[in-house]
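Work through the exercises below with the sequence and coordinates open. Each task is followed by a solution in steps.

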Amino acid sequence: MPTPNPPLSGLALVLSGLSFGDTSSLAVPTRFAESAFIDASEVVDCTLENGTQTRCHQITVGYLPEGLTIGPFCPATLDDVGGIWEWTGDHHGLYRVDRDFLVMLDGLGFRFFDEDGTVHIADIATAPPDDDHACINVSPDESVEITMLLPVEPVMAETPTPLNTVAKVGVALDGVPVFSDAPQIQQTGHMPALDVCGGHIDPGGWYHWHSTSTDIETVFDQEEVVADCVVAQDPAAQFGYAFDGFAIFGSREAEGSQPQGLDACNGHVGITAEGPEAIYHYHATETFPNLPQCLVGVSARNNFSTTATAGVGATRAGQDGRGEPPRPGREGPRGMPPGFEEAAAELGVSAEALMQAMDAAGGPNADLDVVAEALGVSVEELRTALPPRR
Ligand SMILES: [Zn+2]
Ligand SMILES: [Zn+2]
């Protein structure tokens, strides 16, 4: 094939895009870090939440990107310093999880430590918390694989989809999944502490962000939190993609200016570093969690599945042939029992939110009052909706 002349090179790119199928106009996978995927990404048939049949990028990532340092989460004692937590009660704000914060919570009726200053820490991967109030620190499961779907061509929804507690937001360019707010202490009694970049380990054993980690120090400056995130900070850089396929940037435009004309989801149509065309994109906010509050586009159905036996996305394990049999020692208290999806649908919450609320409140033997409060439903409704306890 002859080398194309300069005027033809654009066409050649278009043609190669068509012929290879996975080089769409958005070329999503090419913007991810090379190390983000554990399998080559592919373009597959998918169905969007509104029933649209289309094509999606299917990407598979591991429990944690190689080389990413995570933590600290829970401080071992009052003399240690953990990660961060957004407290939404009296004296609300973003705090470093340290002596001052834990003593403040104690004063508000949430005691996370013993007389000798030992902090209550629970690894809900192995057992439910013993204490009324425990800092949740889940041990990672290095074997977990996560498969996600992103529409190749984003489709606008008729109305934006709000992102409630632990709703699926998207995926960072390093391959780390992104979720909205973690469950609150007031809901579950426990604190699934975030590290200094705004991430932690899901009950399924894999790491995820609850923030735009590449721009979290903007939030630290705003909220006067002393913490250094190990992830490179760049408020103008692209952080990742939302599950509707639109890009998420930091709180600034490419040239450093404040974004103008943002909608309720903190997005707008404008020029980005991606190219000369104005495209819809989201920006990080300057307050925690610095993520879009809603998605304007339509996500793919079943867009998040893991090989884990617990946690968000675990229901899909085994259903599509990707799941491995449950591993001894990790099944049990945290597995999503059959009937959970239906129960969640009946309650009008996501299965993930239901699972997370149950996990945080102690797994299958969770205090239903706590779970009901976390989900904003009555205990009666919850009891009726849940599959019978075994
Ligand atoms: Zn989380
Ligand atoms: Zn912008």
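The exercises go from model confidence to the core, then to single helices and strands.

**Exercise 1. Confidence and overall make-up**

Task: State the mean pLDDT of the protein and the share of residues that reach 70 or more, then find where pLDDT stays under 50.

Solution.
1. This is a predicted model. Its mean pLDDT is 84, with 79% of the residues at 70 or more.
2. One stretch with pLDDT under 50 covers residues 1-27, where the model has 13 contacts beyond four places in sequence.
3. Another covers residues 316-335, with 35 such contacts.
4. For the make-up, count 9 helices and 18 strands. Of the 390 residues, 47% are buried.
5. Take the contacts between residues at least 6 apart in sequence: 61% of them join residues at least 24 apart.

**Exercise 2. The largest nonpolar core**

Task: Which residues have the most contacts inside the largest nonpolar core, and why does this core lie between two domains?

Solution.
1. The core holds 99 residues, and Ala-193, Leu-354 and Leu-375 have the most contacts inside it.
2. Helix H7, residues 351-360, supplies the largest share, 5 residues.
3. Domain 1 (64-144 + 155-332) contributes residues to the core, and domain 2 (336-390) does too, so the core lies between them.
4. Now list the neighbours of Ala-193, leaving out residues up to four places away in sequence. Among them are Phe-73, Cys-74, Trp-85, Val-97, Cys-135, Ile-136 and His-200.
5. As background, nonpolar side chains tend to be buried together in soluble globular proteins.

**Exercise 3. Two helices and strand S4**

Task: Identify the buried residues of helix H3 and helix H5, and say which strand they pack against.

Solution.
1. In H3 (residues 99-107), Phe-101, Leu-102 and Leu-105 are buried.
2. Looking down the axis of H3, these buried residues fall within an arc of 95°, so they line one face of the helix.
3. An α-helix has 3.6 residues a turn, so residues three or four places apart point the same way.
4. Asp-100 and Gly-107 are exposed and sit on the face of H3 turned away from its buried side.
5. The strand packed against the buried residues of H3 is S4 (93-96). Just after H3, Gly-109 has a positive phi of about 100°.
6. In H5 (residues 216-223), the buried residues are Ile-216, Thr-218 and Val-219.
7. Seen down the axis of H5, the buried residues fall within an arc of 150°, so they too line one face of their helix.
8. S4 is also what the buried residues of H5 pack against. Glu-224 follows H5 and has a positive phi, near 55°.

**Exercise 4. Strand S7 and its partners**

Task: Decide whether strand S7 is largely enclosed or not, and find how many bridges join S7 to S2 and to S18.

Solution.
1. S7 spans residues 145-151, and 6 of its 7 residues are buried, so the strand is largely enclosed by the rest of the structure.
2. S7 pairs with S2 (residues 53-62) in the antiparallel sense over 7 bridges. To locate this pairing, start from Thr-60, whose bridge partner in S7 is Thr-147.
3. S7 and S18 (residues 304-306) also run antiparallel, joined by 3 bridges. Here Met-148 has Phe-304 in S18 as its bridge partner.
4. S7 is thus bridged to S2 and to S18.

How values were computed
Residues are numbered from 1 along each chain as its sequence is written. Chains are lettered from A and ligands numbered from 1 in the order in which they are written. This is a predicted model: local features need pLDDT of at least 70, side-chain atom pairs count only at pLDDT 80 or more; totals for chains, interfaces and linings use all residues. A nonpolar core is a set of buried Ala, Val, Leu, Ile, Met, Phe, Trp, Tyr and Cys residues joined through C-beta atoms within 7 Å. A residue is buried if 20 or more other C-beta atoms lie within 10 Å of its own, exposed if 12 or fewer, and partly exposed in between; C-beta atoms are placed from the backbone. Helices (H or I, at least four residues) and strands (E, at least two) are DSSP runs, numbered from the N terminus. Domain bounds come from an automatic or database domain assignment. Two residues are in contact if their C-beta atoms, placed from the backbone, lie within 7 Å. pLDDT is the predictor's confidence in each residue, from 0 to 100. The arc is that of the directions from the helix axis to the C-beta atoms. Two strands pair if DSSP finds at least two bridges between them.
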